[in-house]
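Colleague: Before the classifications in this model are accepted, I should like to hear the reasoning behind each of them. Please set the values against their definitions.

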Amino acid sequence: MNTQKLYLNTLTFSLPKEPVKCYFSASNDAERQSTIIKSTTLTPSEVRQSPKFIDLFSGNGDFCLFTSFDKALEGFEVVAIDFSEPDNENYAKRYYNRHLEDYFRQFDDVVVTKSGITNDIQVWVHDKDKTRQVEYHGKRHELWQMDRFTLRVRYDSFNSTPYLLVACNRPAFVLSASLATLFSTTPDDPFGNSHVITPDMINLVMTRKVSKDSQGKERIIRIIDKLEYLQSHNRYCPFDATRPIMSGKLKQFFGLVGNGEERTFDSKYLKYNDKIEAFRQRFLDNSDIRTLLPDLAQEFTAVNPMQVGTTDASKRLLIFGKDEYGNDHRNISQQKGINKGPRVKCPYADVRLIFVFPKSSHTEAQQLLVHFLKGNYQGQSKPLSHFTGSPIGFAEGDFHIAYENETNPVPEIEAALTKECYRNKSSQIKYVAIYLSPIHKYASAHDAKECYYKVKERFLKLGIPTQCIDRDKMNEAIAKDTKSNKYNFAYTLQNMGIAICAKLEGSPWLLDEVQKKELIIGIGAFRSENRQYIGAAFSFDNTGVFNDYSYFEKSELDELVGSIRLAIMNYASVNSQPERIIIHYYKKISRRNEFKRIEDMLKALKLDVPVYIVTINKTESDDIVVFDAANKGQLMPYSGTWVNLGHSKDGHRFLLCNNTRYEGEKFNAMDGFPFPVKLTITCPNRNDAIDTPVVMQLIDQVYQFSRIYWKSTRQQGLPVTIKYPEMIAEIMPHFDDKTIYTQSKSLWFL
């Protein structure tokens, strides 16, 4: 029996019983205290119907309206606004945001700013127990950890009540040294090679100033903004009172990239809950806040049992190779099931391994080769051929590359790849390069990744996928196993075997589903600092069989639509026309731009089938999270639990828990504690009319596609329809040749 006690990180409150007197004008006030309303859709219905503003909505000229909310300003007209009116929801949100911002600015020890494109209120609170230090030219400076909390007013359409979302974001770090201190630091030899901090390393900064309120009381105000913006717009930014917020470049400068806190197996649900509960008790449990938000709850919101569902238990089942009796092997465990071999063998009859390794690591490379060819690591591992389902051999001697320069092996590898054996390699043999990476574990993550990407690209140009393994991590794992008499490194060998199978166009396992005439397309993106988005589209059938992929720049809408068109045509050429198309999208799709183009493309193909758009968002940072109070030590709900968040203008919204905690089974904390994903389901070309069974099928399918991740046997929080495109999008900006890839069915990026 399911004994969960679910709750959300929201606090319900009551809307005003009477309309609120608010003030509006077609022009800004002299002191610019008002807020601009840029769209008629954001305008309250009472204002649109008011004779005093009728000319604004005539469609003649540009629309422009200002509001001071409930503050009376000279020349502004008063209009009573009913906050319970659905058309006024956006205005009500902005009203509460303005007052929440004013409320938190009265606290001298917090920082109030805006979060992302939604302009939600974000409150930064200094965690005085989490202080670190860095050194800059012989002087020690503190790194202040700032816990960040996003506050968002929303309306719960399922339970018909407004709520305040309290989300905990990843912390930010502020350097205690001012810009004046950093920029005035001069090395002992200014003409030498000593590195100094320069303005281009700094993105966000925190400025501090003292002001007086209407009663003459001094208040400390801290502002967070981009340094470049403050400079270019002549804003207040005295260098002696402005401190940098740690960016990627500053972290790299101080050697902090990839060198953070050690990994723990504690529940992040528990840590998250402790943070938001402490925040609630300090800031949201008093009469002042309840004046703004009447009847604000004193506890986070218990989930209505009628809005909870679970995925079908059968959707956990996967299908692998044959058992000893020649029958298809089914299992819910990837790690156990793969012992029966891959579901689809790699199609190559002659696979040979090329080893790329430092000359100083000849012995380690030799031992790794033995593990791949023979298995039997500590009596536990299986040979690589077991995972690929094909013979695995050792490439001829000239193919192997032993290099001297462990800091940058790329030039030596490039030179080796011009040898005759590579130029004239046999088309009958499929090669895989095993790259033993020497990059020291304390090197910057940026340097290590750039080297990895360059090596991968050089081999891909020759049609050779690569499998990378960190030499130091391998040695540490083997030494630890030897000391403890365990065999954990066997799992690493297993994971590499699975990934190599997928790189060789095999399928380690698939979903235990009867094949249907439907096409699933995943579109994802990745953004690294100072790099633009790259998108990728992957297509699968409903059993998880990978069809093809393509990638494109974020702005290339034609390429995006073209990739979907190509996926449909490739599918239809083999399977006949799909009866429905399902698109897993990493963001909200634009109906006016993106979907309209998709719809036009379908009409051109004369394909009239329902297209379901499932928007899949992580809830890691600033969104809604569900907890299980009955799971006291961890708070993570059972895997497959979903919560109906109600219907909005964007579609049907759900939270889906995707982890390895199952009722009646032992949970291993090493599997991690992924937060739920938020799903929004629409069917734009059928006016969003979706039958309940179809909605449940689509939720089940998202859940299933998180189980066919072939980089390891570990359960993933995101489906591969989003995760695989993300991985491609992360790699491609580092490649010189953006058109490079091996066979279309090869998952070379794993």
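Modeller: A residue is called buried when its relative accessible area is under 20%, exposed when that area is over 50%, and partly exposed in between. The model is a predicted one. By that criterion, the buried residues of helix 15 are F489, A490, L493, Q494, M496, G497, I498, A499, I500, C501, A502 and K503.

Colleague: What makes helix 15 largely enclosed by the rest of the structure?

Modeller: The conclusion rests on a count: twelve of the 15 residues of helix 15 are buried, so the helix is largely enclosed.

Colleague: How do you know that the reach of helix 15 is close to the expected one?

Modeller: The expected span is 1.5 Å times one less than the number of residues. For helix 15, residues 489–503, this gives 21 Å, and the distance from the first C-alpha to the last is 21 Å. Just after helix 15, E505 takes a positive phi of about 75 degrees.

Colleague: Does the comparison hold or fail for helix 18?

Modeller: It holds: the 14 residues of helix 18 should span 20 Å, and the end C-alpha atoms are 20 Å apart. Ten of these 14 residues are buried, so helix 18 is also described as largely enclosed by the rest of the structure. Among the buried residues are V694, V695, L698 and I699, as well as Y703 and F705.

Colleague: Why is D688 called buried?

Modeller: The relative accessible area of D688 is 17%, and the cut-off for buried is under 20%. D688 lies in the loop between strand 31 (677–682) and helix 18 (692–705). Its phi is near 65 degrees, a positive value in a residue other than glycine.

Colleague: What makes H137 partly exposed?

Modeller: H137 has a relative accessible area of 34%, and partly exposed covers the range between the 20% and 50% limits. The residue is found in the loop between strand 8 (120–136) and strand 9 (139–156). Phi of H137 is near 50 degrees, which is positive, and the residue is not a glycine. Most residues other than glycine have a negative phi.

Colleague: Why does S176 count as buried, and which residues is S176 in contact with?

Modeller: S176 has 17% relative accessibility and therefore counts as buried. Its place is the loop between strand 10 (161–175) and helix 3 (179–184). Contact requires heavy atoms within 4.5 Å; neighbours within four places in sequence aside, S176 is in contact with H141, E142, W144 and R243.

Colleague: How do you know that M474 is buried?

Modeller: The relative accessible area of M474 is 4%, under the 20% limit. M474 belongs to helix 14 (residues 471–484). Leaving aside neighbours within four places in sequence, M474 is in contact with E364, L368, L436, I469 and F489. The last of these, F489, is among the buried residues of helix 15.

Colleague: How many helices and strands are there in the protein, and what makes the protein as compact as a globular protein of its length?

Modeller: The protein has 19 helices and 31 strands. Its radius of gyration is 29 Å, close to the 27 Å given by the globule rule for 750 residues, so the protein is as compact as a globular protein of that length. Of the 750 residues, 51% count as buried. Among contacts between residues at least 6 apart in sequence, 71% join residues at least 24 apart.

Methods. Residues numbered from 1 in each chain as written. Predicted model: local features only at pLDDT ≥ 70, side-chain atom pairs only at ≥ 80, totals over all residues. Heavy atoms only, no water. Helix = DSSP H or I, 4+ residues; strand = E, 2+ residues; numbered from the N terminus. Buried < 20%, exposed > 50% of the residue type's maximum accessible area, 1.4 Å probe, protein only. Rg over C-alpha atoms; globule rule 2.2 N^0.38 Å.
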